[in-house]
Amino acid sequence: MTIQEIYDLAIQMGIKADPRGVKGVESLLKRTKKEYDELSEKKKKFFDKESLTNPYSDTRIFVGDPKLEVKKILAGIDSDAAEVLLADRLNQKGEKIDLVIGHHPLGVSLTALHDVMDLQVDAYAQMGVPINVLHALMSERQETVKRRIHPSNHNQIIDTARLLKMPLMNLHTTWDNVGDKFMKDYLSKKSFDRVGEIIDYLTELPEYQEAIRGKNGPEIVSGSATSRAGKVAVFFTGGTNPSKEIYMELSKAGVGTLIDMHIPEEALTELKKLHMNVINAGHMASDSIGANIFFDELEKKGVEIIPCSGFIRVRRKGKQS
């Protein structure tokens, strides 16, 4: 596969698994095209044309010829300068790595992370939160995230890859969408009376079994194993965590148990007051689920994967939900 084919496959899988549905994503792309067409020629020069076909602002190719044939990938949840240097060093030892893929955003995909967060508006609305309330609260949260990231040295890793001529990309919401759909489908196979039953079911997944061995498995951070589960909601996608106000709206909408990769402490404090059960599924293990489903597809096409940087490699071979 070429770098471009790998990238295109990730976007296709992300769209197919998107909580908004394929039609919802198509509508977003149409609105983006309309916005572009209405810009002046001067402003069009600075428009991110990639967004006309890729609805995920936090997924990009940074270094490398898109036509380059890829046979071996170094893949991690985080791909920092260390992973780029690692790939270069492994190549010196004869590994012949063609591409480094990270999950978490960097470069322009980091500075544009706030754009993809709008996905959460539709996802949370499906749980019964009024969409107008979500839109207002999410807009505030997006601005906060944008300001927080703005001063970061976001191109540092890309500069390292460019100087070493090491092909580099990151795939964020594309993988998160796939993992989110997998988890929702997985949980829909059973009904739960107690929160402890959810934990037991989660730990049947090999990613979480490995995380438990590392003392970092799924845990109940609000409520207890004997707490009544109520309506269960899982959110594994949408850029980054929403504000505590949005979490509180979920409680008002009747969500009894929230399953998230991780949750900010200030939001957890408020949810405890509302008696909402919260399960921290675990960050690296949860991110690995979407990555594994994606890399299973690449391996079918003959691409070799070397996992690193927190990525727990599990092969499902068509068994995924």
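1. How much space lies in the second largest pocket? In this predicted model, the second largest pocket holds about 460 Å³ of space, and 30 residues line it, with His104, Pro105, His172, Gly239 and His283 lying nearest its centre. Two helices, α7 (119–125) and α15 (283–300), each supply at least two residues of that lining. By residue class, the lining of the second largest pocket comprises 11 nonpolar, 14 polar and 5 charged residues.

2. The largest pocket contains about 670 Å³ of space and has a lining of 26 residues, of which Thr32, Ser51, Ser57, Asp115 and Val116 lie nearest its centre. The elements that contribute two or more residues to this lining are α2 (21–37), α5 (108–111), α6 (113–116) and α8 (131–149); among these, α2 gives the most, with 5 residues. The lining of the largest pocket divides into 9 nonpolar, 8 polar and 9 charged residues.

3. Turning to the sheet, 5 strands form an open arrangement in the order β1-β4-β3-β2-β9, and the pairing is mixed. The edges are taken by β1 (60–63) and β9 (304–308), each of which has a single partner strand, so that one side of each is left without a neighbour in the sheet. On average, and with direction ignored, neighbouring strands of this sheet are turned by 25° against each other.

4. At the β1 edge, the pairing of β1 with β4 (residues 168–170) is antiparallel and runs over 3 bridges, and Val63 stands opposite Leu168 of β4. Helix α9 (residues 156–164) packs on the sheet and touches both β1 and β4, while the direction of α9 makes about 50° with that of β1.

5. Thr59 deserves a separate remark, and its position can be described from the chain outwards. Thr59 lies in the loop between α3 (41–44) and β1. With a relative accessible area of 0%, Thr59 counts as buried, because the cut-off for that class is under 20%. If neighbours within four places in sequence are left aside, the contacts of Thr59 are Tyr7, Asn54, Ser109, Asn170, Leu171, His172, Thr173 and Thr174.

6. One of these contacts links the loop to the second largest pocket: His172 is in contact with Thr59, and His172 is also one of the residues that lie nearest the centre of that pocket. Another of the contacts of Thr59 is Asn170, and the strand β4 spans residues 168–170.

Technical notes:
Residues are numbered from 1 along each chain as its sequence is written. This is a predicted model: local features need pLDDT of at least 70, side-chain atom pairs count only at pLDDT 80 or more; totals for chains, interfaces and linings use all residues. Side-chain values use heavy atoms; hydrogens and water are left out. On a 1 Å grid over the protein atoms alone, a cavity is a set of points where a 1.4 Å probe fits but cannot get out, and a pocket is an open set with protein on both sides within 12 Å along at least five of seven lines; lining residues have an atom within 4 Å of a point. Grid points are joined across faces, edges and corners, and a volume is the space filled by probe spheres set on the points. Helices (H or I, at least four residues) and strands (E, at least two) are DSSP runs, numbered from the N terminus. Ala, Val, Leu, Ile, Met, Phe, Trp, Tyr, Cys and Pro count as nonpolar, Asp, Glu, Lys and Arg as charged, and the others, Gly among them, as polar. Two strands pair if DSSP finds at least two bridges between them. Axes are lines fitted to C-alpha atoms, for helices over the stretch in contact, and angles run from 0 to 180 degrees between N-to-C directions. Contact means heavy atoms within 4.5 Å. Buried means under 20% relative accessible area, exposed over 50%, partly exposed in between (1.4 Å probe, protein chains only).
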